[in-house]
Amino acid sequence: MDCNNILVRLSFCSKASRLKLMRSVIKDAADIVGLNNEQADEVVLAVNEACMNVIQHSYLMNPDGQIEVEIAADEQALLFRIRDYAPAVDSASCCSRDLDEVRPGGLGVHFIQTLMDECGFLAQPEGGGNLFQMKKYIRQ
């Protein structure tokens, strides 16, 4: 997707409290492209989980990290790119815990993979960090 398809870019520090505003923007973007309420809730949850993973696992709860979220759309999909400036992540180590294990936490990766149509890490961006992309197809 090119720059003409970008709906919004957000940049915020790695504090969980900042995710509230991000969720609101994502909900609005989902509404703009015509996702129904269930689909909108799915993308909000998935992007929130991805950002929370950055806060917890990439920045280790350090509130001084920077997270950038870019939201773009075309006729077919809503696209989310999440960038951080933390040390590079080994994508093979990003996995959900065993779903039969009953305990809180550890389901973010599972939610992302289940709720989004496509997701994965892109090549390390210039300047370091990580770039994660998720896509939700627009179905009428």
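Let's start with Glu49, which is buried yet has no salt bridge. The nearest side chain of opposite charge is Arg23, and that one is 8.6 Å away. Please keep in mind that we are looking at a predicted model. Glu49 sits in helix H2. So what does Glu49 touch, once we leave aside its neighbours within four places in sequence? The contacts are Gly108, Phe111 and Ile112. I'd keep a finger on that spot in your viewer while we go through the rest.

Now the overall layout. The chain has 3 helices and 5 strands, and from the N terminus on they come in the order β-α-α-β-β-α-β-β. Of the 140 residues, 42% are buried. For those of you who like contact maps: among contacts with a separation of 6 or more, 63% are between residues 24 or more positions apart.

On to the sheet. Its 5 strands form an open sheet in the order E1-E2-E3-E5-E4, with antiparallel pairing. Which strands are at the edges? They are E1 and E4, the latter covering 118-121, and each of them pairs on one side only. On average, neighbouring strands of this sheet are turned by 10 degrees against each other, if we ignore direction.

Let me walk across it. E1 and E2 are antiparallel, with 7 bridges, and in that pairing Leu10 has Val69 of E2 as its bridge partner. Next, E2 and E3 are also antiparallel, again over 7 bridges. These two strands make a hairpin, with 3 residues between them. Here Glu70 stands opposite Arg81 in E3. At the far side, E4 and E5 pair in the antiparallel sense over 4 bridges, and Cys119 has Met134 in E5 as its bridge partner.

As for the helices, H1 lies across E1, E2 and E3. Its direction makes an angle of about 175 degrees with E1.

That brings us to the interior. As a general point, nonpolar side chains in soluble globular proteins tend to be buried together. In this model, the largest nonpolar core has 34 residues. The residues with the most contacts inside this core are Met22, Cys51, Ile67, Val69, Phe80, Ile82 and Met134. Which elements each supply at least two residues? From the helices we have H1 (19-32), H2 (37-58) and H3 (108-115). From the strands we have E1 (6-13), E2 (66-73), E3 (77-84) and E5 (130-137). H2 gives the largest share, with 10 residues.

E2 deserves a second look. This strand is mostly covered, with 6 of its 8 residues buried. Take Ile67, one of the residues with the most contacts inside the core. Leaving aside neighbours within four places in sequence, Ile67 is in contact with a long list, including Leu10, Phe12, Cys51, Val54, Ile55 and Ile82. Ser11, Ser14, Tyr59 and Arg83 are also in contact with Ile67.

Next, a stop for the torsion-angle fans, in the loop between H2 and E2. Leu60 lies in that loop, and its phi is near 50 degrees, a positive value in a residue other than glycine. Met61 is in the loop too, and the phi of Met61 is near 70 degrees, again positive in a residue other than glycine. Buried or exposed: how does Leu60 count? Leu60 counts as exposed because its relative accessibility is 65%. Met61 has 49% relative accessibility, so it counts as partly exposed.

Last one: Lys135, in strand E5. Why does Lys135 count as buried? Because its relative accessibility is 19%, and the cut-off for buried is under 20%. Leaving aside neighbours within four places in sequence, Lys135 is in contact with Ala77, Leu78 and Leu79, and also with Met116, Asp117 and Glu118. There is a distant partner along the chain to point out as well: Val43 is 92 residues apart from Lys135, with their C-alpha atoms separated by 8.9 Å.

So, back to where we came in: Glu49 in helix H2, buried and with no salt bridge. Thanks, everyone, and I'm happy to rotate the model to whichever residue you'd like to see.

Note on methods
Residues are numbered from 1 along each chain as its sequence is written. This is a predicted model: local features need pLDDT of at least 70, side-chain atom pairs count only at pLDDT 80 or more; totals for chains, interfaces and linings use all residues. Side-chain values use heavy atoms; hydrogens and water are left out. A nonpolar core is a set of buried Ala, Val, Leu, Ile, Met, Phe, Trp, Tyr and Cys residues joined through side-chain atoms within 4.5 Å. Buried means under 20% relative accessible area, exposed over 50%, partly exposed in between (1.4 Å probe, protein chains only). Contact means heavy atoms within 4.5 Å. Two strands pair if DSSP finds at least two bridges between them. Lys and Arg count as positive and Asp and Glu as negative; His and the chain ends are not counted. A salt bridge is a side-chain nitrogen of Lys or Arg within 4 Å of a carboxyl oxygen of Asp or Glu. Axes are lines fitted to C-alpha atoms, for helices over the stretch in contact, and angles run from 0 to 180 degrees between N-to-C directions.
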